[in-house]
Amino acid sequence: MEVAAYVDVFLSHEKSLKTDNLVDFVYDLIANPSGIYGSLVQSRSLTANFPQEYLTLLNDLETDYLLVAFCKPSIEVCADFSYDYQRLSRTYDRHFRRSSTRERNIKFSIFYNEQDMDPQFGVKTYPTVRLHKKGEPITKFTLFHGSPDYYDMIDFVEKQIGERDVYILPASGLDYIELENFHTGSEQSVDQIDDVHNAEEAEDYSDEDRPPEETEDDEVAAAGYEIFYTRAVNDSHIPKLNDTSFNTTLKQYDISVVFFFLPWDARSQAFSPSYAAAAKKLVEPDGSETTIGVLQVNCFDWEDVCAKENIKLYPTVRFYRKKQAPMDYRGVWDESSLMKTVKLLQASFPLKLTSDGEVVGFQEGKYPMTSILYTDVSVLGLFSIESSDYVSTFNAAARAMEGQFLFGYATGKVASDAAARLNVRVPSVVLIKRDDPLQSKVVFEGEYAEEAIIQFVKHSSLLQYGELTPLNFPTYFSKGQPFLIAFINKDNDEINSLITDIVKSAETDGMNFCWVDISVKVNRDILEAYTREDNDKSEITSAIVLVNHQKGATYTYKGELQKESLVSWIKACLSGSQEFTGKLETSEWKPRLEGYDFLAKIKEEAENDEGDDDKSSDPWEDSESTENDDDGDEGKSHEYQSETNPHNARFHDAFHAKKQSRLDQRRRIMQKPVHEAHTEL
């Protein structure tokens, strides 16, 4: 007899082993084998889980012990190991089922897929077996050191949990379930197989028939899923607000930072670790008298709270300050940017500087206190009188950029003294840069208007020669100027000194001078894209490239690293006399395929349901249409029966009451507005 032919399925603890019971069992097994197998698989204690569920398993553990196994299908020994491990769990399932005095004190889990465990869990070899005890941290466990087979694991478990007299079971067909295609961590049915990458139920069509929309990966969603689950975000230190605590909690703080999110939204998941990290630091004392509360609202659980606050984008971070209108966060979704915004909001906007000491402290980043820790830029306005239009325009620009930059202004003698030190006139707007060795201040010289000041601050705050990153590229690009990009290692002093000299000389104004770290792969890919039409295919260790986005052209410098030569080449590129070495492809950054219109699908399904109802698929609708077709005589017949037979009358009234209730319910469903949760793409 083959091993897999044996199936341990007759539950003798539920029925006595009699002829009739055995006949019924065999008949059911032959008639519906998948149902018998399915019910047994669902009832077993073994769960197949994904790496991101490791912490949850321990936190939700109900038994005294949890035995966890880690293996990968691509490793040869793991296949046989998985069969022995299933047999082990089935052995203890039978052991506790047959015992009337013992309660189950151990559960089994296996991580059997190609995903790597988070490095913090320390799983380095496969297979690995660990025994965890309830209530102990995830880092404390007993490691199994024996041979990864059924009998050694039985001995290990018996000694560790104190269960003796465990009956050794032969191998069974139930031990040969392919675990890489089976996931039980979320209490799914045995027929339901989840794919970890798209988390969608398997469809009836094959990959060849699958609509293109189903195969287009959402990289943001995948990244958010990985960050949120594999890093085990701990947000227990962030108070969770609901409909009763929302308003009362906000009143306790000078500034309340509230994170509105949906737990299944990819962007909410991606930002959660940054928000949790920022929350710990923002509530730490910093010498300021301002109290800060960092809070969160789960909009899936508390939809009414989010609807009342008019939350339409997820995630949304909103700032609530006493006696001021709420303000939404508009910065970069990372820890440092959020902290910078909150700290800048602690100061009044704009700051009124009333002494020379305050002006000097503002320039140096020492006033308000610790502002130098969060921003290297200060915007200083110098005006003759408080009531001038210059002050009102400056204040309007400051409010528009609140939380992004630090604005302050002075008037009268304080302003004139500061203007003399800075060698500027009154009125003036001066942008102070404490981190730019090539340009410590920039004076506004444009038309004195709110939007002009805003653009001045955005553009002038950039370094004269600094690193080009995804965060500052949009601001550089908005200037509408060509880029001179040095693809170098950070310690390339020769090229850095060369470009620094050119920037100081101001011989080539109207350029964005930047550098990128060529040791980063994505930057090497960018360089390859800029130079792919170049005939020189040798390995590039550094390069200077001029990129003119307006003309769609790139130019690669091949001359000597001398100032005169490089300046001459730059001027030739800008004038058009230098032949380009590459062309930028013109393309629209849109989704490759049209997405599903889910609202249209909901409407279509509702119309189809209504059409089915018109075809008398609903017994209540059928009776109504039948009555409408009745002629007058038949109507009289109904009335006669209702009057002469009390039972028929009660039935008739109940029938029509039920029908009307069903129709009213349908109308309410059809009229109910559909709330769509939007996310920025």
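This tour moves through a predicted model, one selection at a time.

**The whole chain**

Begin with the entire protein chain, coloured by secondary structure. Its 681 residues, 41% of them buried, are organised with 23 helices and 20 strands. The accessible surface comes to about 39,100 Å², and carbon and sulfur atoms account for 49% of that area. If contacts are displayed for pairs with a separation of 6 or more, 74% of them join residues 24 or more positions apart.

**The largest nonpolar core**

Next, select L67, Y85, L88, Y92 and I106. These are the residues that touch the most other members of the largest nonpolar core, which has 27 residues. To see where the core draws its side chains from, add strand 2 (65-71), helix 4 (76-98), strand 3 (106-112), strand 4 (128-133) and helix 5 (150-161); each supplies at least two residues.

Now centre the view on L88. Which residues does L88 touch, leaving aside those up to four places away in sequence? Its contacts are L67, F108, Y150, M153, I154 and V157.

A second core, separate from this one, can be shown afterwards: it holds 22 residues, including Y465, L498, Y555 and V567.

**A salt bridge at E136**

The protein chain contains 13 salt bridges, and three of them are stops on this tour. For the first stop, select E136 and K140, whose closest N and O atoms lie 3.8 Å apart in a salt bridge. E136 is partly exposed at 29% relative accessibility, and K140 is likewise classed as partly exposed, at 47%.

**The four-stranded sheet**

Select strands 6, 7, 8 and 9. They form an open sheet in the order 7-6-8-9, with mixed pairing. Strand 7 and strand 9 are the edges, each pairing on one side only. Within the sheet, strand 6 and strand 8 run antiparallel and are joined by 6 bridges. To find one such position, label F259, whose bridge partner in strand 8 is V317.

Two helices should now be added. Helix 9 lies across strand 6, strand 7 and strand 8, and it runs at about 160° to strand 6. Helix 11 also packs on the sheet, where it touches strand 6, strand 7, strand 8 and strand 9; its direction makes about 15° with that of strand 8.

**Inside helix 11**

Keep helix 11 (residues 335-345) selected and show its side chains. Is this helix mostly covered or mostly uncovered? It is mostly covered, with 8 of its 11 residues buried. The buried positions are S337, L338, M339, T341, V342, K343, L344 and L345. Their packing partners are strand 6 (255-261), helix 9 (266-282), strand 7 (292-298), strand 8 (316-321), strand 9 (327-328) and strand 12 (406-411).

**A salt bridge between distant parts of the chain**

Move to E386 and K352. Their salt bridge brings the closest N and O atoms to 3.0 Å. The two residues are 34 residues apart: E386 sits in the loop between strand 11 (377-383) and helix 13 (389-400), whereas K352 belongs to strand 10 (residues 351-352). E386 is partly exposed, with a relative accessible area of 37%; K352 is also partly exposed, at 35%.

**The six-stranded sheet**

Select strands 15 to 20 next. This open sheet of 6 strands has the order 15-17-16-18-19-20 and mixed pairing. Its edges are strand 15 (465-467) and strand 20 (582-583), each of which pairs on one side only. Strand 15 is parallel to strand 17 (residues 512-517), and 3 bridges connect them. Label G466 to locate its bridge partner in strand 17, C514.

Then add helix 18 (residues 521-531), which packs on this sheet and touches strand 16 (483-488), strand 17, strand 18 (543-548), strand 19 (553-556) and strand 20. The direction of helix 18 makes about 125° with that of strand 16.

**The last stop, on helix 18**

Finally, select K521 and D525, a salt bridge with its closest N and O atoms 3.0 Å apart. Why can these residues face each other along the helix? They are 4 residues apart in helix 18, so about one helical turn separates them. An α-helix has 3.6 residues a turn, so residues three or four places apart point the same way. K521 is exposed, with a relative accessible area of 53%, while D525 is partly exposed at 35%.

How values were computed
Residues are numbered from 1 along each chain as its sequence is written. This is a predicted model: local features need pLDDT of at least 70, side-chain atom pairs count only at pLDDT 80 or more; totals for chains, interfaces and linings use all residues. Side-chain values use heavy atoms; hydrogens and water are left out. Buried means under 20% relative accessible area, exposed over 50%, partly exposed in between (1.4 Å probe, protein chains only). Contact means heavy atoms within 4.5 Å. A nonpolar core is a set of buried Ala, Val, Leu, Ile, Met, Phe, Trp, Tyr and Cys residues joined through side-chain atoms within 4.5 Å. Two strands pair if DSSP finds at least two bridges between them. Axes are lines fitted to C-alpha atoms, for helices over the stretch in contact, and angles run from 0 to 180 degrees between N-to-C directions. Accessible areas come from the Shrake-Rupley method with a 1.4 Å probe; for residues, only the protein chains shown count as cover. A salt bridge is a side-chain nitrogen of Lys or Arg within 4 Å of a carboxyl oxygen of Asp or Glu.
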